[in-house]
Each structure stands twice: as structure tokens, then as C-alpha cells.
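Me: Please take a close look at the open sheet in this model. Which strands form the sheet, and in what order?

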Amino acid sequence: MRERIAQSMLALLVLVGIQSAICTGDDKKPTSTLQPIMSFSGGRSKIATARLLKLTNEKDWQLIWNEHKTGQPRPQKPIEDGELLELDFKKVMAIAVFGGKVDVERYSVDSVLEGEASLTVRIKAHSFQTALDTPDSNLTPWGFFMIPASDKEVRIHRDARTLIDDPPRWIEWKRFPKNSTGKK
């Protein structure tokens, strides 16, 4: 009887695993772990609405940078030379994270996992955990993360844990479809 129960439990676990993989479309295993080529973040963007973006060209990069710095994609007063980072979009793409008005100081990348069909970028929010002080309500956290250019699907996951001492709990935040640019 115990053997039959054990076999039934094993069969159930296998079915749940198969169903989970089919439902999410996830790669079975990451083939490699990457680090962002460059990252920068902070707590005060002029973009005050939550947004997640994948930037793959100079025009979009410039518009988002301008809006981040001035609040307008096409500001009347141009941003000073040297303030916009020049990126080679044949080699990199940028993931931009804007949190809106939340109690988060900034964002960072935990890891970038590359599978056969996708890249998964894991984003951590650096937030407050306090019962006494009121966090700064004027924060509009942001992060720019440059990763190798790829035509694969890009999945952004965020750490959804609620207590600092808890282990990370990764949930999907946004998914960008596969590009047909021919880049690998």
C-alpha cells in the first residue's frame, strides 16, 4: 500500500512539474548566468508612473533618458552634452525600471539567466522595512540595466518577498516578446 501511495505521489509531482513548464513556457534550465554590463539606479526619477521598458535603439533610449531627467521626452531645454550615455545597440539593450511613487529607494539586478529561448532578468527592489518611521513619500525609484543584445524573449521577474529575512520569491513582472532582429 505504501509503495502504491509513493508511486501516486511521484506521478502527481511529475504531472504538476510538466503542467507548470507548459503553462509558463519557461526554459527547462538556464544555459548560463550573465551579469549586467552596466547598471545605475536611484530614488528620484522625473518619471512618476510605473513602467518597465526594453530599449533596443538610440531614439527610444534618448527619449526615455530625457523624460527621466526632465519629465519630458522632448524637453525645451536640451540636456547638456555628455549627460546621455552613448550605447551601442548592436551589442547591448537596456532594461529600464520605473517604480512610480512607491516606498522603494532604488532597483538592482539580482541575476540575468539565459535559457535556450529566453533571458530572465531578476530585479530586486531596495525598500524600507520599519514600523516606526514613515518612508520618504517623494521617491520615484528607477534603474537602467544594460545587458547583451538578444533577439530572445525577455522576462522581467521581481522579488516579491515581504520580509527582508525571507528567501527571494521570484514572480513574473513583465514579458517582452522575441525580436526578429537576427541578434543572438
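Reply:

**The open sheet**

The order β1-β5-β6-β8-β9 describes an open sheet of five strands with mixed pairing. Strands here are DSSP runs of E with at least two residues, helices are runs of H or I with at least four residues, and both are numbered from the N terminus. Two strands pair if DSSP finds at least two bridges between them. Strands of a sheet pair through backbone hydrogen bonds, either parallel or antiparallel.

The edges are held by β1 (32–34) and β9 (170–176); each has a single partner strand, so one side of each is left without a neighbour in the sheet. From one strand to the next the twist averages 30°, with axes taken as lines fitted to C-alpha atoms and angles running from 0 to 180 degrees between N-to-C directions.

This is a predicted model, in which local features need pLDDT of at least 70 and side-chain atom pairs count only at pLDDT 80 or more, while totals for chains, interfaces and linings use all residues. Residues are numbered from 1 along each chain as its sequence is written, and side-chain values use heavy atoms, with hydrogens and water left out.

At the β1 edge, β1 pairs with strand β5 (residues 104–114) in the antiparallel sense over three bridges. Ser32 has Glu114 in β5 as its bridge partner. Leu34 also lies in strand β1. Its C-alpha atom is separated by 6.2 Å from that of Leu113, although the two residues are 79 apart along the chain. Leaving aside residues up to four places away in sequence, Leu34 touches Ser111, Val112, Glu114, Leu119 and Pro148, a contact being heavy atoms within 4.5 Å.

Glu114 also forms a salt bridge with Lys152, at 2.9 Å from N to O. A salt bridge is a side-chain nitrogen of Lys or Arg within 4 Å of a carboxyl oxygen of Asp or Glu. Lys152 lies in the loop between β7 (142–148) and β8 (153–159) and Glu114 in strand β5, so the pair ties together parts that are 38 residues apart in sequence. Both Lys152 and Glu114 are buried; buried means under 20% relative accessible area, exposed over 50%, and partly exposed in between, with a 1.4 Å probe and protein chains only.

At the β9 edge, Arg175 and Glu153 form another salt bridge, with 3.6 Å between the closest N and O atoms. Arg175 lies in strand β9 and Glu153 in strand β8, so this pair ties together parts that are 22 residues apart in sequence. Arg175 counts as partly exposed at 32% relative accessibility, whereas Glu153 counts as buried at 16%. These two residues belong to a network of salt bridges that links Glu153, Arg155, Glu172 and Arg175.

A further salt bridge joins the side chains of Asp159 and Arg161 at 2.6 Å, N to O. Asp159 is buried, with 13% relative accessibility, and Arg161 is partly exposed at 29%. The whole structure has six salt bridges.

As for the rest of the chain, there are two helices and nine strands. The mean pLDDT is 81, and 73% of the residues reach 70 or more; pLDDT is the predictor's confidence in each residue, from 0 to 100. Over residues 4–24 pLDDT stays under 50, and the model has three contacts for them beyond four places in sequence. Where pLDDT is low, the predicted coordinates should not be read in detail.
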